[in-house]
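Trainee: Could you pick one spot in this structure, zoom right in on it, and then walk me outward from there? I'd like to see how one small part fits in with what surrounds it.

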Amino acid sequence: MLNYRQLHYFWVVAKTGSIVRACEQLNLTPQTISGQISLLEQTYGVELFKRVGRQLELTETGRVALPYAEQMFQLGGELEAVLRAQPDEQQILFRVGVADVVPKSIVYRLIAPSMALNELVRISCREDQLERLLADLAIQRLDLVISDSPMPSHLDIKGYSQKLGECGVSFFATRALAALYGENFPHGMQGAPLLVPGQQTVVRSRLMRWFAEQDIQPKIVGEFDDSALMKAFGKSGSGIFIAPSVIADEVIEQYDVELIGHTDAVTESFYAISVERKVKHPGIVAITEGARRQLFPD
């Protein structure tokens with residue numbers, strides 16, 4: 001059975017960068033820490049660290065092991081906090097996974113109602129690729145996954161999708177680009193430099209199909225899985241970019257850009273995926289109700 005004390009010593013050394021600093025944090029001798037890590041390596045026949053000069057560096061096996069140790073001790077810290085809390089101070093842990101293609105502004109607006117509950121809610125939010133998040137949802141390491149698509153049919157995972165809402169998309173550009181390509185929307189974007197969402201996003205194919213239907217051929221100069229990074233390039237003047245119309249005012253203010261047009265023929269949808277058909281978790285209820293009443297009202 002895995003020796004968690006030995007694993008903890010490995011984790012602290014990896015995080016602090018040296019046995020000396022780990023000794024200061026753990027209040028132990030170097031011999032104790034190095035000896036316990038050596039026993040862990042011997043047990044599994046691996047090397048977790050290699051010495052480069054006077055420095056310790058993680059081996060490839062060590063780099064593989066570190067994220068697992070990170071999650072284990074993070075969960076352990078959360079469990080300790082829950083157990084130490086007084087009965088009238090007990091927090092409801094709300095573990096939310098966010099697909100990395102969902103715009104951060106949308107994520108904040110969706111989750112915000114769960115932070116305004118009368119109950120004490122502690123949110124743990126993690127961003128990753130959808131399939132990895134759904135795998136964690138299946139083993140109850142997450143309570144909810146927010147995505148731009150419903151539960152994929154090809155995955156053998158029990159989960160239920162609730163559509164939170166949808167909206168059209170808007171096109172934004174710096175003043176200089178807007179002056180060049182903003183007239184006669186959308187046909188004024190013929191040949192315009194365009195920043196587009198990555199291939200993993202649902203909206204990407206809808207956007208390109210719409211351009212084809214309009215007989216418009218923009219010049220794609222960048223594609224991004226991270227919508228915030230795409231907006232940052234857009235702010236710099238690298239190209240025209242899109243964002244959900246529901247956050248248009250926020251995008252204009254935050255990135256100092258202009259709206260050059262919008263369309264409801266291209267839509268972005270957002271879903272809450274959970275393992276419960278009938279949702280009971282107060283955080284999930286707050287998100288679904290808040291989305292329908294505030295963010296995506298009929």
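Mentor: Let's land on Glu-250, which is partly exposed, with a relative accessible area of 25%. The cut-offs help here: under 20% would make a residue buried and over 50% would make it exposed, so a value in between is called partly exposed. Keep in mind as we go that this is a predicted model.

What does Glu-250 form a salt bridge with? Its partner is Arg-109, and the closest N and O atoms of the two are 2.8 Å apart. This pair links distant parts of the chain, since Arg-109 sits in helix H5 (residues 104-111), Glu-250 sits in helix H10, and 141 residues separate them. Arg-109 counts as partly exposed too, because its relative accessibility is 33%.

Now widen the view to the helix that carries Glu-250. H10 covers residues 248-255 and lies across strands E6 (160-173), E9 and E10, running at about 50 degrees to E6. Which residues of H10 are buried? They are Ala-248, Val-251 and Tyr-255. Look down the helix axis and you'll find the buried residues within an arc of 60 degrees, so they line one face of H10. That buried set packs against E6, helix H9 (227-235) and E9. Swing round to the other side of H10 and you meet Asp-249 and Glu-253, which are exposed. So this helix has a buried face, with exposed residues on its other side.

Right after H10 comes Asp-256, in the loop between H10 and E10. The backbone does something to notice there: phi of Asp-256 is near 55 degrees, a positive value even though the residue isn't a glycine. Asp-256 counts as partly exposed because its relative accessibility is 43%. You can see a similar feature in another loop: Asn-27, between helix H2 (19-26) and helix H3 (30-44), has a positive phi of about 60 degrees and isn't a glycine either. Asn-27 counts as exposed because its relative accessibility is 69%.

Carry on past Asp-256 and you reach strand E10, so let's see the sheet it belongs to. Six strands make up this open sheet, in the order E4-E3-E5-E10-E6-E9, and the pairing is mixed. The edges are E4 (121-128) and E9 (241-244), each of which pairs on one side only. On average, neighbouring strands are turned by 25 degrees against each other, direction ignored. If you're wondering what holds strands side by side, strands of a sheet pair through backbone hydrogen bonds, either parallel or antiparallel.

Here's one pairing to trace with your finger. E5 (residues 144-147) and E10 (residues 258-274) pair in the antiparallel sense over three bridges. In E10, Ile-273 is the bridge partner of Val-145. Another helix belongs in this picture as well: H11 (residues 282-295) packs on the sheet and touches E3 (92-99), E5, E6 and E10, with its direction making about 45 degrees with that of E6.

E10 also has a salt bridge to show you. The side chains of Glu-258 and Arg-175 meet in one, at 3.8 Å from N to O. Arg-175 lies in helix H7 and Glu-258 in strand E10, so the pair ties together parts that are 83 residues apart in sequence. Both ends are partly exposed, because the relative accessibility is 49% for Arg-175 and 32% for Glu-258.

While you're at H7 (175-181), glance at the loop between H7 and strand E7 (193-197), where Pro-186 is found. A cis peptide bond joins Phe-185 and Pro-186, with omega at about 0 degrees.

Finally, step back to the whole structure: a search finds 14 salt bridges. One of them joins Glu-70 to Lys-15, with the closest N and O atoms 3.1 Å apart. Glu-70 is in helix H4 (residues 60-84) and Lys-15 is in helix H1 (residues 4-16), so this pair ties together parts that are 55 residues apart in sequence. Some charged residues are linked in a bigger group, too: Arg-126, Asp-128, Arg-132, Asp-136 and Arg-141 are connected in a network of salt bridges.

Methods. Residues are numbered from 1 along each chain as its sequence is written. This is a predicted model: local features need pLDDT of at least 70, side-chain atom pairs count only at pLDDT 80 or more; totals for chains, interfaces and linings use all residues. Side-chain values use heavy atoms; hydrogens and water are left out. Two strands pair if DSSP finds at least two bridges between them. Helices (H or I, at least four residues) and strands (E, at least two) are DSSP runs, numbered from the N terminus. Axes are lines fitted to C-alpha atoms, for helices over the stretch in contact, and angles run from 0 to 180 degrees between N-to-C directions. Contact means heavy atoms within 4.5 Å. Buried means under 20% relative accessible area, exposed over 50%, partly exposed in between (1.4 Å probe, protein chains only). The arc is that of the directions from the helix axis to the C-beta atoms. A salt bridge is a side-chain nitrogen of Lys or Arg within 4 Å of a carboxyl oxygen of Asp or Glu.
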